[in-house]
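The following explanation proceeds from the overall form of a protein chain to its sheet, its cores and a few individual residues. Please keep the sequence and the model in view while reading.

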Amino acid sequence: MISVQTQDFSVAEIYDKLRHANPGPIGAIALFVGLVRDFSHTLQLASLHIECYPGMVERELQRLVAQVQQQFSDVQQIEIIHRIGELLPQEQIVLVGVSATHRAEAFAACEFLIDQLKTTVPLWKKEIRADGNEYWIEHNTPAREQIVC
């Protein structure tokens with residue numbers, strides 16, 4: 001399942017879905033849950049605003065899922081949720097869940113998905129800082145985030 005949504009999600013529900021909805025044997029479930037940071041470059045963050053083009057993000061996420069299914073043969077099920085809209089510090093922003101026959105494949109597929117999501121999926125993020133300043137964040141690279149003023 002792929003979902004781009006404004007509402008929060010339940011990690012327990014996604015875990016349960018991964019555990020019970022698999023066609024084949026599973027021996028591992030790997031979950032990554034990202035939270036909105038309460039700081040940015042040592043400055044207090046008031047909120048984070050995330051925008052996307054509907055349909056475009058889902059297509060890119062589906063492409064990544066297909067790539068994982070080809071690259072990691074033990075993967076059984078994949079769940080990806082990314083929130084958009086106005087989010088407050090410490091709110092859940094993203095979930096990537098993978099069930100697989102073996103733990104190594106579950107970990108590797110989950111890590112691949114979150115890394116690719118952060119670098120290739122067209123999501124635009126604007127930080128609203130406690131001092132009132134707002135900054136669009138440049139697309140993430142594996143090394144670091146860069147600010148676009």
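**A hairpin, a sheet and two cores**

In this predicted model, strands S8 and S9 form a hairpin with 4 residues between them. Gly 132, which lies in the turn, has a positive phi of about 95°. The two strands run antiparallel and are joined by 4 bridges. One pairing can be located precisely: Ile 128 has Glu 134, in S9, as its bridge partner. Strand S9, residues 134-137, has two faces that differ in cover: Tyr 135 and Ile 137 make up the covered face, whereas Glu 134 and Trp 136 make up the uncovered one.

The hairpin belongs to a chain with 3 helices and 10 strands. Along the sequence, these elements follow the pattern β-α-β-β-β-α-β-β-β-α-β-β-β. The C-alpha atoms occupy a box of roughly 50 × 30 × 25 Å along the principal axes. The radius of gyration is 16 Å, which agrees with a compact globule, because a globule of 149 residues would have a value near 15 Å. Of the 149 residues, 42% are buried. Among contacts with a separation of 6 or more, 69% are between residues 24 or more positions apart.

Attention may now turn to the sheet. Four strands form an open sheet in the order S1-S5-S7-S2, with mixed pairing. Its edge strands are S1 (2-5) and S2, each of which pairs on one side only. On average, neighbouring strands of this sheet are turned by 5° against each other, direction ignored. The pairing of S2 with S7 is antiparallel and extends over 8 bridges; within S7, Leu 95 stands opposite Val 33. Helix H1 (residues 11-20) lies across S2, S5 and S7, and runs at about 155° to S2. Helix H3 also packs on the sheet, where it touches S2, S5 and S7, and its direction makes about 150° with that of S7.

Which residues have the most contacts inside the largest nonpolar core? They are Leu 61, Val 68, Ile 78, Val 98 and Leu 113, in a core of 32 residues. At least two residues of this core come from each of S2 (28-35), S4 (43-52), H2 (56-71), S5 (75-83), S7 (92-100) and H3 (103-120). Helix H3 provides the largest share, with 7 residues. Beyond its neighbours within four places in sequence, Leu 113 is in contact with Leu 64, Val 65, Val 68, Ile 78, Ile 80, Val 96 and Val 98. A second, separate core has 5 residues, including Phe 9, Ile 14, Leu 18 and Leu 95.

Two further residues merit individual inspection. Val 36 is placed in the loop between S2 and strand S3 (39-40). With a relative accessible area of 2%, this loop residue is buried. Val 36 and Pro 89 are 53 residues apart in sequence, yet their C-alpha atoms are 4.8 Å apart in space. Leaving aside neighbours within four places in sequence, Val 36 is in contact with Leu 45, Leu 48, Leu 87, Leu 88, Pro 89, Gln 90, Glu 91 and Ile 93.

Gln 77 is placed in strand S5. Its relative accessible area is 18%, and Gln 77 therefore counts as buried, the limit being under 20%. The side chain of Gln 77 is joined to that of Glu 79 by a polar contact of 3.4 Å.

Key
Residues numbered from 1 in each chain as written. Predicted model: local features only at pLDDT ≥ 70, side-chain atom pairs only at ≥ 80, totals over all residues. Heavy atoms only, no water. Core = buried A, V, L, I, M, F, W, Y, C linked by side-chain atoms within 4.5 Å. Buried < 20%, exposed > 50% of the residue type's maximum accessible area, 1.4 Å probe, protein only. Contact = heavy atoms within 4.5 Å. Polar contact = N/O pair within 3.5 Å; in protein donor to acceptor, adjacent residues only side chain to side chain. Pairing = 2+ DSSP bridges. Axes fitted to C-alpha atoms, helices over the stretch in contact; angles between N-to-C directions. Rg over C-alpha atoms; globule rule 2.2 N^0.38 Å.
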